[in-house]
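Please find below a colleague's note on the model under review. The points are numbered for ease of reply.

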Amino acid sequence: MPRTPGFSRTLRSRRSARALLPSAAALLLALPLTACGGTSGAEEQELTLYSADGLKAEDGSGFYDKVFKGFEKETGIKVRYVEGGSGEMVQRLAREKSNTKADVVVTLPPFIQQADGKGLLASYRPQGSDKVADGDKAPSGNWTTIAGNYLCFIYNSRELKEAPPKTWKDLLDPRFKGKLQYSTPGVAGDGTAVLVKAVHDFGGKEPAMAYLKELQKNNVGPSRSTGQLAPKVNKGELLVANGDVQMNFANTGTMPNQGIFFPAGDDGKPTTFALPYAAGLVKNAPHSENARKFLDYLLSEGVQRDVSAVGGGFPARTDIKATDPNAIALARVMQGVEVFRPDWAEVDKELPSYVDAWKSATGS
């Protein structure tokens with residue numbers, strides 16, 4: 001994970017200042033004040049982004065990779081990137097509340113709502129956010145969806161070509177013992193989404209936890225990051241893991257042995273729900289003006305078209321109708337899948353009890 005950038009200043013000694021000739025001293029006084037105090041010009045041309053994983057590629061071909069380069073070229077502002085699980089990023093913001101280091105945070109729900117509830121976000125409505133559906137942004141302006149996405153699971157399509165899993169029940173098969181893993185609820189956004197889907201599909205918290213307790217006999221164990229699981233599935237170290245459509249679709253070029261599926265209940269109907277990437281301006285951000293420019297850029301028309309064309313996700317703006325090859329392929333992925341809408345305010349409220357129940361059921 002990249003380190004949060006440190007800052008430094010170069011101060012002249014009093015001795016060297018006294019040695020200046022009068023004309024040189026006059027020139028020094030004429031320089032901008034930022035040369036010897038406050039924030040330097042170099043420091044002003046940056047911002048720090050805390051983000052859930054999935055939008056940046058190791059080979060430099062990801063959505064964020066293009067966004068960072070384009071933004072720096074257009075504005076001269078460099079993005080310092082810190083990546084982790086959604087819950088991990090919010091926890092870090094909370095720890096740093098008295099000495100804020102991040103300028104923008106991007107997380108999956110319910111963690112963007114959690115950040116808002118903890119008073120970690122400042123109100124800002126980016127240009128273009130009026131084109132984002134009301135349900136995909138905070139009425140207060142404290143956060144806005146920047147890329148649509150959905151929960152999914154993945155399997156190794158090479159080793160399971162003849163009999164890929166389709167249902168929750170399939171995942172209990174002994175062939176998946178030590179070959180199945182999902183990211184940690186309460187830490188990773190996608191891992192928390194597994195709980196939300198299980199509660200929905202099994203009709204309540206108790207039956208969902210009873211199932212996850214049974215599933216634990218196949219589970220490898222916790223993972224703080226969902227992004228770490230896809231390479232393992234691709235190599236065959238794992239046969240099944242959780243994920244999300246954007247991330248797993250985007251990396252199929254470098255990880256071709258991934259099949260996307262949506263575990264179905266007893267009725268055989270696959271289900272999922274929207275799990276968008278949402279961005280907010282961090283309260284007391286050290287580079288708040290740069291952060292606002294970055295949020296505007298993320299919702300600009302060209303960048304929103306790249307959400308599918310480059311990122312493998314779904315544009316947040318309703319006026320952007322993507323027709324690129326990725327958008328067409330993504331429509332096929334989602335075909336026949338029932339999409340339900342969680343009550344995120346309720347999920348945020350109940351999340352601690354969900355996580356506690358999960359820990360008790362699984363012994364995690």
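The points that follow take up confidence, overall architecture, the pockets and one loop residue.

1. Status and confidence. The structure is a predicted model and should be cited as such. Mean pLDDT for the chain is 89, and 88% of the residues score at least 70. The exception to note is the stretch 1–42, where the pLDDT is below 50; this stretch nevertheless has 28 contacts in the model beyond near neighbours in sequence. Where pLDDT is low, predicted coordinates should not be read in detail.

2. Overall architecture. The chain contains 14 helices and 13 strands. It has 364 residues, of which 52% count as buried. Of the contacts between residues at least 6 apart in sequence, 77% join residues at least 24 apart. The accessible surface is about 17300 Å², and carbon and sulfur atoms account for 51% of that surface.

3. Largest pocket. The volume of the largest pocket is about 800 Å³. Its lining comprises 30 residues, and those closest to the pocket centre are Lys-56, Ala-57, Glu-58, Glu-83 and Gly-227. Strand 2 (78–84) and helix 10 (245–250) each contribute at least two lining residues. By class, the lining of the largest pocket holds 13 polar, 10 nonpolar and 7 charged residues.

4. Second largest pocket. The second largest pocket encloses about 410 Å³. Of its 23 lining residues, Gly-148, Tyr-150, Phe-314, Pro-315 and Ala-316 are the closest to the centre. Two or more lining residues come from each of strand 5 (144–148), strand 12 (314–315) and helix 13 (325–334). Helix 13 gives the largest share, with 3 residues. The lining of the second largest pocket divides into 12 nonpolar, 7 polar and 4 charged residues.

5. Leu-172. This residue is located in the loop between strand 6 (151–156) and strand 7 (180–181). Is Leu-172 buried or exposed? Leu-172 counts as buried because its relative accessibility is 16%, and the cut-off for burial is under 20%. Leaving aside residues up to four places away in sequence, Leu-172 touches Tyr-211, Glu-214, Leu-215, Lys-217 and Asn-218. The C-alpha atoms of Leu-172 and Asn-219 are 9.7 Å apart in space, while the two residues are 47 residues apart in sequence.

6. Request to the authors. Any description of residues 1–42 should state that their pLDDT is below 50.

Terms used
Residues numbered from 1 in each chain as written. Predicted model: local features only at pLDDT ≥ 70, side-chain atom pairs only at ≥ 80, totals over all residues. Heavy atoms only, no water. Helix = DSSP H or I, 4+ residues; strand = E, 2+ residues; numbered from the N terminus. Buried < 20%, exposed > 50% of the residue type's maximum accessible area, 1.4 Å probe, protein only. Contact = heavy atoms within 4.5 Å. Areas by Shrake-Rupley, 256 points an atom, 1.4 Å probe, with all protein chains shown as cover. pLDDT = per-residue confidence, 0-100. 1 Å grid on protein atoms, 1.4 Å probe; cavity = no way out; pocket = protein on both sides within 12 Å on 5 of 7 lines; lining within 4 Å. Points joined across faces, edges and corners; volume = space filled by probe spheres on them. Nonpolar A, V, L, I, M, F, W, Y, C, P; charged D, E, K, R; others polar.
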